[in-house]
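Trainee: I have a structure open and I'd like to learn how to read it. Could we go through some features together?

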Amino acid sequence: MICKDVLYSGMIIPVEKLRELLLKPGHLSEGQFNTALEDAKRTKTDLEDILIEKDLIKDNQLGKLIAEALGVKFINLEMEKINDEMLNFIPELMARSKGIIALSRSEDGIKVGMRNPLDIETRHTLEKRIGENILPYYITKRGLENALNQYRAGIKKDFKKMLDELNSEDIGREERDKLVVRMVDMLLQYGYENGASDIHIEPYREKVVVRFRVDGVMHDVLEIPKKMMDIILSRIKIMAKMRTDEHRAAQDGKIRFIAGDGEEVDVRVSVVPVTEGENAVMRLLAAKTRQFSLTNLGLSDKNLEKVNKAIKNPWGMILVTGPTGSGKTTTVYAVMKILNRREVHISTIEDPVEYNIEGISQIQVNSRTNLTFAKGLRAIVRQDPDIIMVGEIRDEETADIAVNSAMTGHLVLSTLHANDAATTLPRLLDMKVEPFLIASTVNVVIAQRLVRKICEKCRVSYSLSEEEKKIISEDFNLKNIFSSLGYKNLDKVVLYKGDGCKACGNTGYFGRVGIFEVLEMNENIKKLIIDRARSDEIMEMAKINGMTTMFEDGINKVFQAITTLQEVLRVTKI
């Protein structure tokens with residue numbers, strides 16, 4: 001008999017039953033489960049959240065195991081299309097309080113996702129309310145949270161209503177101020193709920209445009225009358241502790257707000273004077289939007305094995321490289337999350353500290369106090385760390401200290417700006433690091449880019465267009481990759497794309513994933529570095545050693561229906 005008590009887990013099975021589900025098939029070790037349980041008790045957090053956040057098991061995998069134990073079917077809400085008609089069968093307040101969502105109708109009844117499908121009382125209430133049979137399915141906490149965001153009305157509709165109220169002659173000053181506060185709060189909430197990394201407020205001659213950057217691409221969201229710019233910007237400046245009377249100089253600030261799901265979200269604010277007023281950009285730093293998990297970043301099994309092997313080394317360097325916005329910080333944080341244990345001391349020097357991680361000593365670069373990467377790193381070495389994370393190796397001094405720290409028994413994680421894994425090593429030579437030091441300290445170099453993922457709710461297959469066939473035929477690398485995969489005849493190629501739906505804003509894409517190349521430091525590569533070989537020679541040797549290039553990894557993800565050919569070509573600039 002399965003107990004219905006909610007214990008730490010926020011789930012409807014007891015902890016011991018959950019332990020059995022995870023340990024018997026070997027999903028987790030006893031130690032991993034006990035540590036997660038202790039963390040859940042200590043932080044008063046759901047065990048379900050701890051298991052997912054610690055990257056011990058995937059959300060949907062856990063959902064399937066629990067559903068099987070309960071004797072009900074599991075449904076992955078990420079794969080479900082939920083139309084407004086079905087959604088509104090259950091009022092939002094009831095959906096949130098009971099942990100339920102209406103999904104679709106069949107001849108047998110209404111399919112309903114439930115956090116507790118054994119809750120007979122709620123099922124009876126729903127059947128009475130809807131007048132149809134209820135078919136319960138188990139859903140995960142995260143799946144439900146994302147699905148419930150669909151209840152929100154459109155931002156344009158909500159904003160227009162507020163603008164109409166502001167333009168009313170009957171409104172008092174106090175009510176006007178409250179409305180402006182609500183407007184800015186709404187922008188932040190909508191940005192968060194839509195997975196925006198940045199919110200741009202851009203003034204033009206006769207209007208102000210609000211744009212969200214979602215999955216690395218800018219989207220026009222809203223137009224605001226120009227006369228509203230000053231009051232909205234003043235509110236943002238007050239929240240970010242900036243000077244409201246300064247309009248000619250650039251200002252930086254920080255906001256913290258509580259999102260609808262209770263998460264604290266930090267927002268970095270930058271205001272810069274432009275010809276038509278002041279341009280504001282708000283970067284949302286929400287841990288929810290970045291799942292720091294190596295398994296979810298997009299590393300192939302082969303690459304993941306290489307990275308995990310490098311992580312286990314007690315000393316040396318792990319370098320992550322790529323241009324701005326390629327997800328380097330996320331990868332480094334994912335590695336730190338795995339290494340973050342009570343028995344080790346991790347220290348970081350960052351610019352800025354984007355996410356606070358419990359159990360890690362994080363230092364922020366500060367130009368005003370002359371606290372640079374190099375000076376911060378020198379201080380960290382005297383703090384008895386086991387693992388050091390340097391936000392970015394920018395100069396010779398930082399490179400020198402980082403390499404020497406790796407030589408003296410520390411594991412050093414850092415990022416570097418370079419186009420690919422092979423270029424990273426000559427970059428260190430340019431920073432006056434001795435070749436033998438690079439060869440003996442660097443364990444692995446991870447190079448990456450981010451591509452948009454095909455929306456799983458509207459994914460369809462298609463045959464190559466004539467234009468795509470021409471691109472493949474005329475590109476030597478691309479043609480070879482397709483041939484090696486058994487597609488010499490391009491007429492037989494079937495790929496995938498997003499058709500466009502409400503869930504992805506009709507873009508065909510939802511979320512992003514990394515494409516990677518992981519260069520391991522073996523004897524052949526070490527010899528080339530000591531001989532000061534060019535990056536193309538290092539790249540050639542890495543390929544001979546079995547390294548999958550970023551481009552090849554991207555094309556593999558195209559055939560796995562994860563992303564599109566156009567996306568891979570866009571980010572790799574082939």
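**Reading strands, helices and cysteines**

Mentor: Sure, let's start with a pair of strands: β12 (residues 346-350) and β14 pair in the parallel sense over four bridges. Keep in mind that this is a predicted model.

Trainee: Which residue of β14 is the bridge partner of Thr348?

Mentor: Look across from Thr348 and you'll land on Met389. β14 also has a partner in β15 (residues 411-416): those two run parallel, joined by four bridges. There, Ile388 stands opposite Val412.

Trainee: How does the chain get from β14 to β15, and what is the hand of the crossover?

Mentor: Follow the chain from β14 and you'll pass through helix α16 (residues 396-407) before reaching β15. This β-α-β crossover is right-handed.

Trainee: Which way do the side chains of β14 point, and are they buried or exposed?

Mentor: Ile387 and Met389 point one way from β14 (residues 387-390), while Ile388 and Val390 point the other way. All four are buried.

Trainee: Now a whole sheet. In what order do the strands of the six-strand open sheet come?

Mentor: Read across the sheet rather than along the chain. The order is β7-β6-β5-β10-β9-β8, with antiparallel pairing. β7 (217-225) and β8 (251-258) each have a single partner strand, so one side of each is left without a neighbour in the sheet. On average, neighbouring strands here are turned by 20° against each other, direction ignored.

Trainee: Can we zoom in on one pair there?

Mentor: Try β5 (residues 196-203) and β6 (residues 207-214), an antiparallel pair with seven bridges. Within that pair, Glu202 stands opposite Val209. Now add the helices. α10 (residues 173-193) packs on the sheet, and its direction makes about 140° with that of β5. α11 (residues 229-239) packs on the sheet too, making about 45° with the direction of β10. Among the strands α11 touches are β7 and β8.

Trainee: What is the pairing in the sheet of four strands?

Mentor: That open sheet is mixed, and its order is β1-β4-β3-β2. Its edge strands are β1 (73-74) and β2 (100-106), each pairing on one side only. Inside it, β3 (residues 109-114) and β4 (residues 134-138) are parallel, with five bridges. Met114 stands opposite Tyr138 in that pairing. Helix α7 (residues 120-130) lies across β2, β3 and β4, at about 140° to β4.

Trainee: How many disulfides are found in the whole structure?

Mentor: First the general idea: a disulfide is a covalent bond between the sulfur atoms of two cysteines. The search here finds zero.

Trainee: Why is there no bond between Cys455 and Cys458?

Mentor: Check the distance against the cut-off, which is 2.5 Å between the sulfurs. The closest cysteine sulfur to that of Cys455 is in Cys458, 3.7 Å away, so they're too far apart for a bond. Cys501 also has Cys458 as its closest, again at 3.7 Å and too far for a bond. Cys455 is buried at 2% relative accessible area, and Cys501 is buried at 13%.

Trainee: Last one: what surrounds Thr331?

Mentor: Find Thr331 in helix α14 (residues 328-339). Its relative accessibility is 2%, so Thr331 counts as buried. Leaving aside neighbours within four places in sequence, Thr331 is in contact with Leu297, Val320, Ile446, Gln448 and Phe516. With Gln448 there is a polar contact of 2.7 Å between the side chains.

Key:
Residues numbered from 1 in each chain as written. Predicted model: local features only at pLDDT ≥ 70, side-chain atom pairs only at ≥ 80, totals over all residues. Heavy atoms only, no water. Pairing = 2+ DSSP bridges. Contact = heavy atoms within 4.5 Å. Axes fitted to C-alpha atoms, helices over the stretch in contact; angles between N-to-C directions. Buried < 20%, exposed > 50% of the residue type's maximum accessible area, 1.4 Å probe, protein only. Right-handed = clockwise from strand over helix to strand, strands pointing away. Polar contact = N/O pair within 3.5 Å; in protein donor to acceptor, adjacent residues only side chain to side chain.
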